[in-house]
Amino acid sequence: MPHQRELATAAALALPRFVSATVRFHTAVADRLGVTPAELHCLQLVHSGATDSPTELARLLGMTTGAFTRMLDRMERARLVERVPDPADRRRLRVRALPDRMAELTELYAPLAQRFGERLAGFDRRQLTALVSFLTEGETAADLATRQVDKAARQPREIRG
């Protein structure tokens, strides 16, 4: 059995490979659907129930509301989503995924989802707790790092001579 340090190093090296493979998969799915990766990401956010608020979707995608509106226009033309009135406040709009395209998306994701499900079914409660904790903390760390990069990008650059 490898030592903890070796396992931690192996995990640290495997993580970027996993993220890269996931990005390649999402790009292939987006290509198959005829959408951009950002449009696919938006569709997943809406479908997963993360949010249906245009303002919140723009924030989660790192887009301005203007750029998001243009993307949403393209997604409506592609029959991926529709804008619907908010039942709680009819002055607001919500984004809803259209079922026929969601069926196509579900079909494309099914083999990977099945493989992940089979693998996770073999984990015990302690392993699943550790995995969920790692992923949740990783999301928080990635969000913080993104904000730091965005903040640095807004700072005037020092001219070196």
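Which residues does UniProt assign to the feature "domain: HTH marR-type"? The record, which is an unreviewed entry, places that feature at residues 4–140, and I should say at the outset that what we have in front of us is a predicted model. Across residues 4–140 the chain is 74% helix and 11% strand, with the end C-alpha atoms lying 24 Å apart.

Let me turn to the pockets. The largest pocket has a volume of about 2400 Å³, and the elements that each give two or more residues to its lining are α1 (4–33), α2 (37–48), α3 (54–61), α5 (99–121) and α6 (125–154). In total, 42 residues line this largest pocket, and F18, V19, T22, L135 and E139 are the ones that lie nearest its centre. Helix α6 supplies the largest share of the lining, namely 13 residues. As for the chemical character of that lining, it divides into 25 nonpolar, 11 polar and six charged residues.

The other place I would like to look at is a single side chain, E39, which sits in helix α2. Is E39 buried or exposed? E39 counts as buried, because its relative accessibility is 6%, and the cut-off for that class is under 20%. Leaving aside residues up to four places away in sequence, E39 touches M71, R74 and M75. With R74, one of these, there is also a polar contact of 3.0 Å that joins the two side chains. So much for E39, and I will gladly go back to the pocket in the discussion.

Conventions. Residues numbered from 1 in each chain as written. Predicted model: local features only at pLDDT ≥ 70, side-chain atom pairs only at ≥ 80, totals over all residues. Heavy atoms only, no water. UniProt positions renumbered as here; feature names shortened; annotations may be inferred. Helix = DSSP H or I, 4+ residues; strand = E, 2+ residues; numbered from the N terminus. 1 Å grid on protein atoms, 1.4 Å probe; cavity = no way out; pocket = protein on both sides within 12 Å on 5 of 7 lines; lining within 4 Å. Points joined across faces, edges and corners; volume = space filled by probe spheres on them. Nonpolar A, V, L, I, M, F, W, Y, C, P; charged D, E, K, R; others polar. Buried < 20%, exposed > 50% of the residue type's maximum accessible area, 1.4 Å probe, protein only. Polar contact = N/O pair within 3.5 Å; in protein donor to acceptor, adjacent residues only side chain to side chain. Contact = heavy atoms within 4.5 Å.
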